[in-house]
Amino acid sequence: MAKRLDLLQGTLDMLILRTLLFGPAHGHEIAKHIQRTTDDVLQLEHGSLYPALHRLERRGWVVAKWQTAKDRNRQFKYYRLRPAGRRQLVAEGSRWKQLARAITRVMWPAEGEGD
Amino acid sequence: MDWLRKRRETDLERELHDHLDLEAEEQQENGLTPEAARYGARRALGNTALIQEDVRQAWGWTWLERLGQDVRHVFRAIRRSPGFAIVAVLSLAIGIGASTSVFTVFYAMFLRSLPVRDSQQLRILNWAGGENVPAHSFSGYMTEVNGIRTGGSFSWDALQAIQKGHTGFSSVAGFSQVGTNVVTKTQAWQTAAQLVSANFLDVLGTQPAVGRTFTADADSPAAPPTVLLSWRMAQRLFGSERSAVGSSVIIQQVSYTVIGVLPPDFPGLRQTEPTDVYLPLARAHELSDFYRFDKPDTWWIQIVGRVAPGKRDREVRAALDVILAQVAAAYGAQVKKPVDTPKSVLLDGRTGLDILNTDMSRSLVALFAMVGLMLLVACANVANLLLARGGARARELAVRLSLGAGRMRIVRHLFTESLVLALAGGLLGFLLARLGTVLLAGLLMEAYEWALDLKPDATVMAFAMGLSLVTALLFGVLPAWRSTGVHPAACLRQGGTGAGSLRQRLAKSLVVVQIALAFVLVFGAGLFARTLANLGNVSLGFRPDKLLLFSVDPSRSGYKEQRLVDVYRRIRDGLAAIPGVRSATFSSIPPLAGWMSSQSITVPGYTPPPKDRSPLYVVAGDQFLTIMGTPILLGRDLSASDDEGSAKVAVVNQTLAKKYFTGNPVGREFAFGDKFTKPVRIVGVSADAKIHDIRSKIEPTIYLSYAQYPSRLGLVTFEVRAAGDALSLSNAVRHAVAAVDVTLPVAQIRTQREQIDRNLFRERTFAFLSSFFSAITLVLACIGIYGVFAYAVARRTSEFGVRMAVGATGAQVGWLVLRGALVLVALGMAIGVPAALAVATLVRAGLFGVEPADPATIAAAVVAMVVAAGVAAWMPARRAARLDPVVALRYE
């Protein structure tokens, strides 16, 4: 809990899109997946997820549909990546990589040379 | 929109609920108690209400939702103050309704395409050329401007050449107008027929509803005579369109077989004057001596063509010019004279020939101007109402502004309100226009036999709605911008009356504009009313009362020369024998119907100045002037003894006597034409009487005896002087004519008074409509004045209280208000009078006996405006005068 980091603006969107690359998922699954893959470093406040999801839906990057879950007899709202979202993810990802590399180069010049 | 939003809300609630359930389940699996798990889940998710709000923000507002919200808001506001909405919507509905009525008639007359296939391909062929274009007689029309003559008719040769040549027309037909008597066993009708090429209907792109069209051999005079009838003519003659086909009708003593009946909605090439009878062009010579196939300088055929798809008008014209040049050259070689070659002109034939009816279109444009002014006044009214309401709502708007609403958002909201009002006004106006169109068409059709298709269609609807949008912009934008231009804090401090004085100034300027516009209309109405009154007081020179008129044309039923003279006499004698008829006579010109005939004369001793006008002549029955009630001043009237065996005589009017002769002209002689051969002796001088037109001044006029000039007769008008009611003789008159020849149609039975009314149709219509429109406009302007001053009195209540408390009387305070109104009227006049005078010069041609700047009319209009404004401001002024100072001071 103490190691919790604040997400940069727009980063959450990218993480959601990246998660959906594996296939459709509902809000809780997305939250859990992000948490698990980052080893709980990004202790995401679940509440912030939903405005982000609805924003992505409005922009046409994801599409939502009520579907019955595989493991139980209950409908959840599943989000699925749309082609526009896939393109957005690629763009966002490369931008992030550039940014990260630039920051790394400033912070740790020696390590950066090796890459 | 609402349900969409609600569904999204429940969706979101369910989604968040699901999340909490799953999270709680997971935490429970980690060993927490159900209670603790639920609590933990909730903590992990965060504040649900805040999340919902954030999500809503992410959804954003679509413009549609915003519009829906605005519209709901508007309807709430209208429910709160329905009086405002009713006045606004009614004002607009009247303005838009009147405009739409005029538009509907205009559209039906000039803009609506003929109901035929691909009407955009139709062209009417005209020509333009110099003085020596070899065209000597015309059917259709011809005009000359600056030495360039243009005309709409061609020779038979030209039609043949164009039909055979390669022109870029896919098909070409000729047509010509002719008057006919159409006779069946039981009925006889006088009607205008169209002589047409056999392919005429194919070129126009229509076909008979029943039966068939002409076969190609109808273009030959040897073919059996066939005829096509309009739907209404078939109904008239045979009772139904089916029984018409195969029946026969007699036209100019030839029996024609009816082969087809046209569709009921097909008016022919003239939508305003539908054609009832179509005859083969090849039979033209039987119907009129004018129409010759063998004379290349007799031009009598109008031409309609269909442009082949993909061909440009320019290409078609070039090809036509070549053909016209060949035809002209062939004629030039024949007469051994140089002739001018006419160039072709193509007119859009989509709407038929009515585009040429400029007289009517000008009148309608004037009507448009009137209703346009009215609509502007209505708009100013609504703008004023909105301004006043903006004042009342200033506090609400200030609160909304200070809570952070954007100015644009509020302007948009207020504008939505205008739009809702305008569309409501437009819709109601559209419905009103259906009534208005019927009334207007009724007025216009009284004079012409029109069969206009006045059904409102998408175009008319679009016009009404477009007009509402324009009005919304006109009256909505200014108040909306004005109302939001306040400083919220200042406004709230002042208790919601911020920016009041500026708003008042704006409202007053609008009233000034209204007064100016209303003045223009009132003044115009005054001019038209005086014109009509002047025309009613014109001295006619004969007694128009108890006089029945009708027309007969025996020449279209085969009567010629002596037989023609005899049949007129027999009809006249039959009429005179009817009980209740004092006397009867006839003339080649119907009195005061706008007809005239003239011919130059030669008088020994009189040298005509250049461009001397020829005198009018009337060929009439004996005792014509006496029966009409025109005094004979010298000599005698035409008599029964003035026949073909006796010397040619004439009666002339006083004006002619004065112009051509000095002293007593009785016994003197003149001759028709420019040589003094075949002299005519003057046997009498009559007082001046109008025969051509009420408006025109008396021209020199010659009265000739019918028995001496049968070649100048054809269609004549009988004048029957009744002892009592003239119109009640109608049936007896029909029987009297039928007793002479049952195949002679009696047409246009009307009294002389009706004839005069018909002649003054335009003036009457204008006087009536302009008075009507200006009255409505005046009422609208008065509502505007009343509104502004009622509001001003409410605002100044405490001020008036102070004035009264320090000694002003009620009358003085009331005068203060009234004076304010009069100042606005004065300002309005300052704009209105010059504007009205400028407008009046535009309608000078429509006035009679009154100058555009007539001082009496100006004075009357000013008085009308002052009185109207005084009445409108009277109520607020009286309220101010009756204020109780104590109550007034406590106000606010």
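Me: How many salt bridges does the rule count over all chains?

Reply: Good place to start: this is a predicted model, in which local features need pLDDT of at least 70, side-chain atom pairs count only at pLDDT 80 or more, and totals for chains, interfaces and linings use all residues, while side-chain values use heavy atoms, with hydrogens and water left out. Residues are numbered from 1 along each chain as its sequence is written, and chains are lettered from A and ligands numbered from 1 in the order in which they are written. A salt bridge here needs a side-chain nitrogen of Lys or Arg within 4 Å of a carboxyl oxygen of Asp or Glu. Over all chains, that rule gives a count of 28.

Me: And how many salt bridges cross the interface of chain A and chain B?

Reply: One pair is B:Glu25 with A:Arg72, whose closest N and O atoms are 2.8 Å apart. Shared partners also join A:Lys32, B:Glu23 and B:Glu26 into one network of salt bridges. Across the interface of chain A and chain B, the number found is six.

Me: What area is buried between chain A and chain B?

Reply: The size of an interface is often given as the accessible area lost when the parts come together. Buried area is that loss for two parts, summed over both (1.4 Å probe). Here carbon and sulfur atoms give 53% of an area of about 1900 Å².

Me: Which three residues supply 30% of the area that chain A buries against chain B?

Reply: The contact (heavy atoms within 4.5 Å) takes 20 residues from chain A and 23 residues from chain B. No other three residues supply more of the area that chain A buries than A:His28, A:Tyr50 and A:Trp66.

Me: Which element gives the largest share of the side of chain A that touches chain B?

Reply: Between the two chains there are 10 residue pairs in polar contact, both at pLDDT 80 or more. A polar contact is a pair of N or O atoms within 3.5 Å; within protein, one must be able to donate a hydrogen and the other to accept it, and residues adjacent in sequence count only if both atoms are side-chain atoms. Two or more residues on that side of chain A come from each of α2 (27-37), α3 (46-59) and β3 (75-81), with helices (H or I, at least four residues) and strands (E, at least two) taken as DSSP runs numbered from the N terminus. The largest share, seven residues, belongs to α3(A).

Me: Is B:Ser101 buried or exposed?

Reply: B:Ser101 lies in helix α5 (residues 82-111) of chain B. Not counting residues up to four places away in sequence, B:Ser101 touches B:Ala433, B:Gly436, B:Thr437 and B:Leu440. Buried means under 20% relative accessible area, exposed over 50% and partly exposed in between (1.4 Å probe, protein chains only). Because its relative accessible area is 5%, B:Ser101 is buried.

Me: Which residue joins its side chain to B:Arg695 in a polar contact of 2.6 Å?

Reply: B:Arg695 is in the loop between β22 (680-686) and β23 (701-705) of chain B, and it is partly exposed at 25% relative accessible area. Among the residues in contact with B:Arg695, leaving aside neighbours within four places in sequence, are B:Leu535, B:Lys690 and B:Phe848. The polar contact of 2.6 Å links the side chain of B:Arg695 to that of B:Glu763.

Me: Which salt-bridge partner of B:Arg556 is buried?

Reply: The closest N and O atoms of this salt bridge are 2.9 Å apart. B:Arg556 is buried, and so is its partner. That partner is B:Asp553.
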